[in-house]
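Biologist: I should like to learn how to read a fold from its coordinates. Please take me through the features in turn.

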Amino acid sequence: MGQQHQHGRKVVDHRPQPERRDRLIQEKEHDPYKPSLKPADPGVCTICHAVYEEGRWHWGARPAAASDTVCQACQRIRDHIPAGILTMDGAFVRTHRAELLAQVRHQETLESSEHPLNRIMDIRDTSDGMTVTTTDLHLPRRVAEALRSHHHGEVTWQYDDDDYFLRVHWQAD
Ligand SMILES: [Zn+2]
């Protein structure tokens, strides 16, 4: 778990049911990354071809009047600035790497089919398991909860309010 700072940027509490942070994430539906590049509506991302229309991103045909833009997910990928990270630790992670990777990718497919800007950026092996970085705040929790429901273990998470950044940790049994 993180450190406690009374006056620092991060204030981490250790309550078992973090409703307040849940609410914060719900309220931050719109990624503030590079707000100056707010897309034209309708617009189409020139990199991933996601469509921005009536204020939201979806997959679909290019609208007739669409302008070219670059979505925040593609900007984050290009700039190497993730919004979330999932750390998976434990001997189980090392011995079940392929199976876990397939589950991680499956959850990404489900999430990004509905939310085009929620994607995996990078997957890396670590000395104690794996890390997955994402373009959004939702995917790390979704993956971690899916892993817990399949394999048990423990999920903890910490939201960094100032930086729009979420760290999720899954400790395998
Ligand atoms: Zn894009």
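Modeller: The discussion that follows takes up the sheet, the helices, the cores and the unusual backbone geometry of this predicted model.

Biologist: In what order do the strands of the open sheet lie, and what is the pairing?

Modeller: One reads a sheet by listing neighbours across it. Here five strands form an open sheet in the order S6-S7-S5-S9-S8, and the pairing is mixed. Strand S6 (120-126) and strand S8 (154-160) stand at the edges; each has a single partner strand, so one side of each is left without a neighbour in the sheet. From one strand to the next, the twist averages 15 degrees.

Biologist: How many bridges join S6 to S7, and which residues are partners?

Modeller: The bridges give both direction and register. S6 and strand S7 (residues 129-134) run antiparallel and are joined by six bridges. Ile120 has Thr134 in S7 as its bridge partner, while Asp122 is paired with Thr133 in S7. The two strands form a hairpin, with two residues between them. S7 is also joined to S5 by six bridges, again in an antiparallel arrangement, and Thr131 in S7 stands opposite Thr87.

Biologist: Which helix packs on this sheet, and which strands does the helix touch?

Modeller: Helix H5 (residues 139-151) packs on the sheet and touches strand S5 (84-89), S6, S7, S8 and strand S9 (165-171). The direction of H5 makes about 10 degrees with that of S9.

Biologist: Which residues of the largest nonpolar core touch the most other members?

Modeller: A core is read from its contacts as well as its membership. The largest nonpolar core has 18 residues, of which Leu86, Met88, Val143, Ala144 and Trp170 touch the most other members. At least two residues of this core come from each of S5, helix H4 (97-114), H5 and S9. H5 gives the largest share, four residues. As an example of the contacts, Ala144 meets Leu86, Val155, Val168 and Trp170, leaving aside its neighbours within four places in sequence. There is also a second, separate core of ten residues, with Ala50, Ala73, Cys74 and Leu117 among them.

Biologist: Which residues of H2 are buried, and what covers them?

Modeller: In H2, the buried residues are Gln72, Ala73, Cys74 and Arg76. The elements that cover the buried residues of H2 include S1 and S6.

Biologist: Where does the backbone depart from the usual pattern?

Modeller: The general expectation comes first: most residues other than glycine have a negative phi, and most peptide bonds are trans. In this model, the peptide bond from Asp41 to Pro42 is cis, with omega near 0 degrees. Pro42 is located in the loop between helix H1 (19-27) and strand S1 (43-45). His80 has a positive phi, near 60 degrees, although this residue is not glycine. His80 follows just after H2, in the loop between helix H2 (72-79) and S5. Tyr164, likewise a residue other than glycine, has a positive phi near 50 degrees and belongs to the loop between S8 and S9.

Biologist: Why is His80 classed as exposed, and Tyr164 as partly exposed?

Modeller: The classes rest on a count of other C-beta atoms within 10 Å: 12 or fewer means exposed, 20 or more means buried, and a count in between means partly exposed. His80 has 9 such atoms, so His80 is exposed. Tyr164 has 17, and is therefore partly exposed.

How values were computed: Residues are numbered from 1 along each chain as its sequence is written. This is a predicted model: local features need pLDDT of at least 70, side-chain atom pairs count only at pLDDT 80 or more; totals for chains, interfaces and linings use all residues. Two strands pair if DSSP finds at least two bridges between them. Axes are lines fitted to C-alpha atoms, for helices over the stretch in contact, and angles run from 0 to 180 degrees between N-to-C directions. Two residues are in contact if their C-beta atoms, placed from the backbone, lie within 7 Å. A nonpolar core is a set of buried Ala, Val, Leu, Ile, Met, Phe, Trp, Tyr and Cys residues joined through C-beta atoms within 7 Å.
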